[in-house]
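Here are some comments on the fold, written for someone reading a structure of this kind for the first time. Please keep the 3D view open while going through them.

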Amino acid sequence: MAKIVTALKPESLEECSQFLQSGELVAFPTETVYGLGANALDEKALEKIFLAKGRPKSDPLIVHLSGMVQAESLTEMTAFQRQCFDILGNQFWPGPLTIIVKASRYLPKIVTAGGDSVALRIPNGETALKLLSLSKLPIAAPSANKFGHVSPTKAQHVMDDLGNEEKLIILEQDHDCKIGIESTIIKIMEDYEIHLLRPGFISTLQISSILQKSNISFSLKRVKKTIVSNYSEDEKLDSPGQLLTHYSPNIESFILADKNKKNNISADIFLKSLLRKTILIDFNMKNIEYSEQVLKYYDLSKSGNNLEASKNLFSFLRQSEIEQNAEYILLPDFSEENDEELSAIFDRIYRAASGKYVAIN
Ligand code: TXA
Ligand code: MG
């Protein structure tokens, strides 16, 4: 069985650090979500991550660092990558940004899924940083959930997914992950281009403006991926986490189409009579008119605060899964919002609902 230890005790951090050094798995909190960590230089330890998560080996891992110097031995950056990496790392780390650059040929292939690039991040959050510096290792860590399931923002979420692991320590802190959705991922191409692979709380606007200030000439593209609905091992995806069905709860979930929407997207009819078996997850009290008719009503943020909303999303999805008699989840629609933080949250909502829209009738 997995065990939970508290980060409040220094001996827990010591135990976790030694566990990592001896090739075992430790789930630890970051400011975004919990990661399932292993020594990024130990192939056998890395194998355990894929086994525990049920994750295909074609999906590469993010390597977490305690400082930028650690990147040296893990990468072979081009001049353009080096320039952007230094500027962005100095500006946004520790923080919710993952930067992909050319990998060192000495890195275990399992980290990069056989590709020639590696994803790096210095996470924010006292617990993560303490563990990283204590272990003196680069730590590869995907989100600590079963593959395709909702990412964990509390130690108990990790326990619910991975509790049966024979050897796993879950490091618990005294608060939930502050951001609650995963980091922004950008890939710095070998020359001139930067691709946004996953939206998050560091916006493309922030990234562009700091590079412009440093007189870097670049073009930043949001890579609109053909999102595929089924996973195939040999599918070559830029960022395999961009699958349509990802972050998905085990209850049928839909986006409740915004009534004021200008674009006519096709929405199926959701019968009013189903509301009593439904959990309605709202934002800014938009759909509060249905709150009395549903089985349970949650609001991501009554006051419309983005950070509060992102912090609550995965937790509400997981709470919905264990609600007795719940058969459906309805989620809020931000598809027409221009705000990058809301778009990042909606990216997860869209996938949780596998892109299905409904309208109540
Ligand atoms: O906030 C986060 O990023 C969290 C915390 C734990 O740091 N981690 C996380 O990892 O979300 P994961 O594995 O659940 O998602 C990372 C995504 C995956 O979709 C993976 O395919 C993509 O990053 N990725 C990793 N390395 C890559 C690479 N070299 N090229 C392209 N995509 C990569
Ligand atoms: Mg994940």
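The points below take the two sheets in turn, together with the helices that pack on them or on each other.

1. A caution comes before the rest. This is a predicted model, and the angles, distances and contacts quoted here should be read with that in mind.

2. Start with the sheet of 11 strands. It is open, its pairing is mixed, and the strand order is β1-β8-β2-β3-β7-β4-β6-β5-β9-β10-β11. The edges are formed by β1 (3–6) and β11, each of which pairs on one side only.

3. Within this sheet, look at β2 (residues 25–29) and β3 (residues 34–39). The two strands run antiparallel and are joined by four bridges. To find the register, locate Pro29, which stands opposite Tyr34 in β3.

4. Two helices can be placed against this part of the sheet. Helix α2 (residues 43–53) lies across β2, β3 and β7 (139–140), and runs at about 145° to β3. Helix α6 (residues 155–162) also packs on the sheet, where it touches β1, β2, β3 and β8 (168–172). The direction of α6 makes about 160° with that of β8.

5. At the other end of the strand order, β10 (residues 193–198) and β11 (residues 219–222) run parallel, with four bridges between them. His195 stands opposite Lys221 in β11. How does the chain get from β10 to β11? It passes through α7, and this β-α-β crossover is right-handed.

6. Helix α7 (residues 204–213) also packs against helix α3 (residues 79–92), at an angle of about 120° and with the axes 10 Å apart. An angle over 115 but not over 145 degrees falls outside the perpendicular and antiparallel classes, and α3 and α7 are therefore oblique to each other. Their crossing is right-handed. On the α3 side the contact is made by Cys84, Ile87, Leu88, Gln91 and Phe92, and on the α7 side by Gln206, Ile207, Ile210 and Leu211. Seven of these residues are nonpolar, two are polar and none is charged.

7. A second helix pair is α1 (residues 10–21) with α5 (residues 126–135). Their axes come within 9 Å and cross at roughly 55°, which makes α1 oblique to α5. This crossing, too, is described as right-handed. Leu13, Glu14, Cys16, Ser17, Leu20 and Gln21 of α1 meet Thr127, Lys130, Leu131, Leu134 and Ser135 of α5. The contact of α1 with α5 has five nonpolar, four polar and two charged residues.

8. Now turn to the sheet of six strands. It is open, with parallel pairing, and its order is β13-β17-β12-β16-β14-β15. The edge strands β13 (268–270) and β15 (296–299) each have a single partner, so one side of each has no neighbour in the sheet. From one strand to the next the twist averages 35°.

9. One pair in the six-stranded sheet deserves a check by eye. Strand β14 (residues 278–282) runs parallel to β15, and four bridges join them. Asp282 stands opposite Asp299 in β15.

10. Two helices lie across strands of this sheet. Helix α8 (residues 306–321) crosses over β14, β15 and β16 (328–331), running at about 170° to β15. Helix α9 (residues 340–352) lies across β12 (252–256), β16 and β17 (357–360), at about 130° to β12.

Terms used: Residues are numbered from 1 along each chain as its sequence is written. Chains are lettered from A and ligands numbered from 1 in the order in which they are written. This is a predicted model: local features need pLDDT of at least 70, side-chain atom pairs count only at pLDDT 80 or more; totals for chains, interfaces and linings use all residues. Side-chain values use heavy atoms; hydrogens and water are left out. Axes are lines fitted to C-alpha atoms, for helices over the stretch in contact, and angles run from 0 to 180 degrees between N-to-C directions. Angles under 35 degrees count as roughly parallel, over 145 as roughly antiparallel, 65 to 115 as roughly perpendicular and the rest as oblique. A crossing is left-handed if the near helix is turned anticlockwise from the far one by less than a right angle, and right-handed if clockwise. Contact means heavy atoms within 4.5 Å. Ala, Val, Leu, Ile, Met, Phe, Trp, Tyr, Cys and Pro count as nonpolar, Asp, Glu, Lys and Arg as charged, and the others, Gly among them, as polar. Two strands pair if DSSP finds at least two bridges between them. A crossover is right-handed if, with the strands pointing away from the viewer, the path from the first strand over the helix to the second runs clockwise.
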